[in-house]
Amino acid sequence: MSETYYGDQRPYAYDPYAEPEYFEGVLWRRVIAFLIDAVIIIAPIVVAAILIFVFGFITLGLGWYLYGLLSPAYVIWALAYTGLTLGGAQSSTIGMRTMGIEMRLWHGAPMYPLLAVLSIVLFWVSVSVLTPVVVIVGLFNARRRLLHDFVLGTVVTNTEERAASLRHYRR
């Protein structure tokens, strides 16, 4: 199967039938990676909230006005984390690295920061509007792509190391 990409023909980089080891266990690993990343993103915000709470007591309540900065700080931190990790050289967040998966463009190219940020924004918008459909779509396609992966032209696969170990295990 091939698709047009900027005028030239390129096949999909990952064929789930010829190389199933790239997609084995990706969905559940993706869920665990999401939970790890959620902790990484939420932990500094919780620490900041506790510090603001204490600072509010010290300043007789004036410091509590800083709570208004937590929501924008949360969004900025989540987007920066995603852009720097998922859009970085390894094309994976810390949670994804822990689980041995990575996100690539459909033709195999690595992610870049803007696409990584678009991915997380589209993920949250789609989850907010179509909660079960986003994940259910992954159960019915061979590449285990979620709804926002189709829109952005991305695919989550096992890393080369994990795929090689699965290949070796099969032999």
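F34 is partly exposed, with a relative accessible area of 34%. The model is predicted. A search of the whole structure turns up 8 aromatic pairs, and F34 belongs to one aromatic cluster with F123 and W124. Buried nonpolar residues also gather into cores, and the largest has 13 residues.

**Aromatic rings**

- The ring centres of F34 and W124 are 5.8 Å apart.
- Their planes meet at 50°, so this pair counts as tilted.
- F34 sits in helix α1 and W124 in helix α4, so the pair ties together parts that are 90 residues apart in sequence.
- W124 is partly exposed, at a relative accessible area of 41%.
- F34, F123 and W124 make up one aromatic cluster.

**A charge over a ring**

- R145 places its charged end over the ring of F150.
- The distance to the centre of that ring is 4.6 Å.

**The largest nonpolar core**

- L86, M96, I101, M103, M111 and V156 have the most contacts inside this core of 13 residues.
- Two or more residues each come from α1 (26–58), α3 (94–99), β3 (101–105) and α4 (113–139).
- β3 gives the largest share, 3 residues.

**Around I101**

- I101 touches M96 and V156, which are also among the core residues with the most contacts.
- Other residues that I101 touches include R29, R30 and A33.
- I101 also touches S92, T157, N158 and T159.
- This list leaves out residues up to four places away in sequence.

**A separate core**

- Another core, of 5 residues, lies apart from the largest one.
- Among its members are Y14, F23, V155 and A163.

Conventions
Residues numbered from 1 in each chain as written. Predicted model: local features only at pLDDT ≥ 70, side-chain atom pairs only at ≥ 80, totals over all residues. Heavy atoms only, no water. Core = buried A, V, L, I, M, F, W, Y, C linked by side-chain atoms within 4.5 Å. Buried < 20%, exposed > 50% of the residue type's maximum accessible area, 1.4 Å probe, protein only. Helix = DSSP H or I, 4+ residues; strand = E, 2+ residues; numbered from the N terminus. Contact = heavy atoms within 4.5 Å. Phe/Tyr/Trp six-rings, centres within 6.5 Å; stacked < 30°, edge-to-face > 60°. Lys NZ or Arg CZ within 6 Å of the ring centre and 35° of its normal.
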